[in-house]
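This report describes the pockets, the ligand surroundings and selected backbone features of a predicted model. The sequence and structure are shown first.

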Amino acid sequence: MNKDLRLFLSQIVSKPYQVVALAPSSAALCQEMVAGLDPNKGPVIELGPGTGNITRAILGRGIAPHMLHSVEMNPNFCTHLRESFAGVNVHHMSACDLDRLGLNNVQAVISGLPLLSMPIGVQRDILKDSFNSLAPEGSFVQFTYGPNPSVNADLRKEMALSWTRSDKIWRNLPPARVYRFTRPMH
Ligand SMILES: C[S@@+](CC[C@H](N)C(=O)[O-])C[C@H]1O[C@@H](n2cnc3c(N)ncnc32)[C@H](O)[C@@H]1O
């Protein structure tokens, strides 16, 4: 078993309510999460990077490490990310405090958070801060293992979100879909 997987599994055991996954995201899911990222379109925020499978895929799209801000609340994951991805801005903090980073004109927020399992107030804070950081045409990208869109229905309505949905990605444990949420310009 490789070092990343050993760390991920140990954190599932010690912090099951934060990790909320059976395994790290597969290469197929990671590729769908980062589709469309463009090195010339501004910074990217990643929420809940864990051991960094999606981080690697974001950098694989040509995003410069200093243009990537990865927000992770687990200190063990943060140490691992800093060792693995030189130059990436790894922020040891909760995604609920995203506004503290003061970022704007972000092209995408790529979320590996267990968003739907969080209280609705927490989801609202994360989404509001994310859309405040995003460029007008920017998107909030979130996968889900379940049958419904990966943002709570009340919040989708409240924030007037539009979305697209990927095909089901069978090569992931468990199979998942990726949703891209945008907010119409006012
Ligand atoms: C399902 S794992 C996803 C890990 C990785 N992105 C992947 O797809 O393999 C969820 C991650 O979100 C992190 N997390 C959970 N709640 C968080 C919060 N409020 N702020 C920042 N990170 C959080 C966990 O520590 C964990 O790394």
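## The second largest pocket

In this predicted model, the second largest pocket has a volume of about 230 Å³. It is lined by 15 residues, of which Gly 36, Gln 107, Glu 137, Gly 138 and Ser 139 are the closest to its centre. Two elements give two or more residues to this lining, namely strand S4 (106-111) and S5.

S5, which spans residues 134-144, provides the largest share of the lining of the second largest pocket, with five residues. Sorted by class, the lining of this pocket consists of seven nonpolar, five polar and three charged residues.

## The largest pocket

The largest pocket has a volume of about 680 Å³. Its lining comprises 39 residues, and those closest to the centre are Gln 18, Val 19, Gly 112, Leu 113 and Pro 114. The elements that contribute two or more residues to this lining are helix H2 (16-19), helix H4 (53-60), strand S2 (68-72), helix H6 (120-133) and strand S5 (134-144). S5 therefore takes part in the linings of both pockets, given that an element is a DSSP run numbered from the N terminus.

By class, 24 residues of the lining of the largest pocket are nonpolar, 14 are polar and one is charged.

## The ligand and its shell

Which space does the ligand take? The ligand occupies the largest pocket. Around the ligand there are 24 residues, and Val 19, Ser 25, Gly 48, Glu 72 and Ala 95 come nearest. Val 19 is also listed among the residues closest to the centre of the largest pocket. Both H2 and S2 supply at least two residues of the shell around the ligand, and each of these elements also gives two or more residues to the lining of the largest pocket. The shell divides into 16 nonpolar residues, seven polar residues and one charged residue.

Nitrogen atoms of the ligand take part in polar contacts with Met 73, Ser 94 and Ala 95. At Met 73, a polar backbone atom is 3.4 Å from a nitrogen atom of the ligand. At Ser 94, the contact is made by a polar side-chain atom, at 3.3 Å from a ligand nitrogen. At Ala 95, a polar backbone atom is 2.9 Å from a nitrogen atom of the ligand. Taken alone, the ligand exposes 600 Å², and the protein buries 97% of that area.

## Backbone features in loops

Most residues other than glycine have a negative phi, and most peptide bonds are trans. Against this background, three loop positions deserve mention.

Leu 173 and Pro 174 are joined by a cis peptide bond, with omega at about -10°. Pro 174 belongs to the loop between strand S6 (162-165) and strand S7 (177-182). Asn 105 has a positive phi, near 60°, and is found in the loop between strand S3 (89-92) and S4. Ala 160 likewise has a positive phi, near 50°; its place is in the loop between helix H7 (153-158) and S6.

Definitions and conventions:
Residues numbered from 1 in each chain as written. Predicted model: local features only at pLDDT ≥ 70, side-chain atom pairs only at ≥ 80, totals over all residues. Heavy atoms only, no water. 1 Å grid on protein atoms, 1.4 Å probe; cavity = no way out; pocket = protein on both sides within 12 Å on 5 of 7 lines; lining within 4 Å. Points joined across faces, edges and corners; volume = space filled by probe spheres on them. Helix = DSSP H or I, 4+ residues; strand = E, 2+ residues; numbered from the N terminus. Nonpolar A, V, L, I, M, F, W, Y, C, P; charged D, E, K, R; others polar. Near = heavy atom within 4 Å. Polar contact = N/O pair within 3.5 Å; in protein donor to acceptor, adjacent residues only side chain to side chain. Areas by Shrake-Rupley, 256 points an atom, 1.4 Å probe, with all protein chains shown as cover. Sits in = over half its atoms within 2 Å of the grid points.
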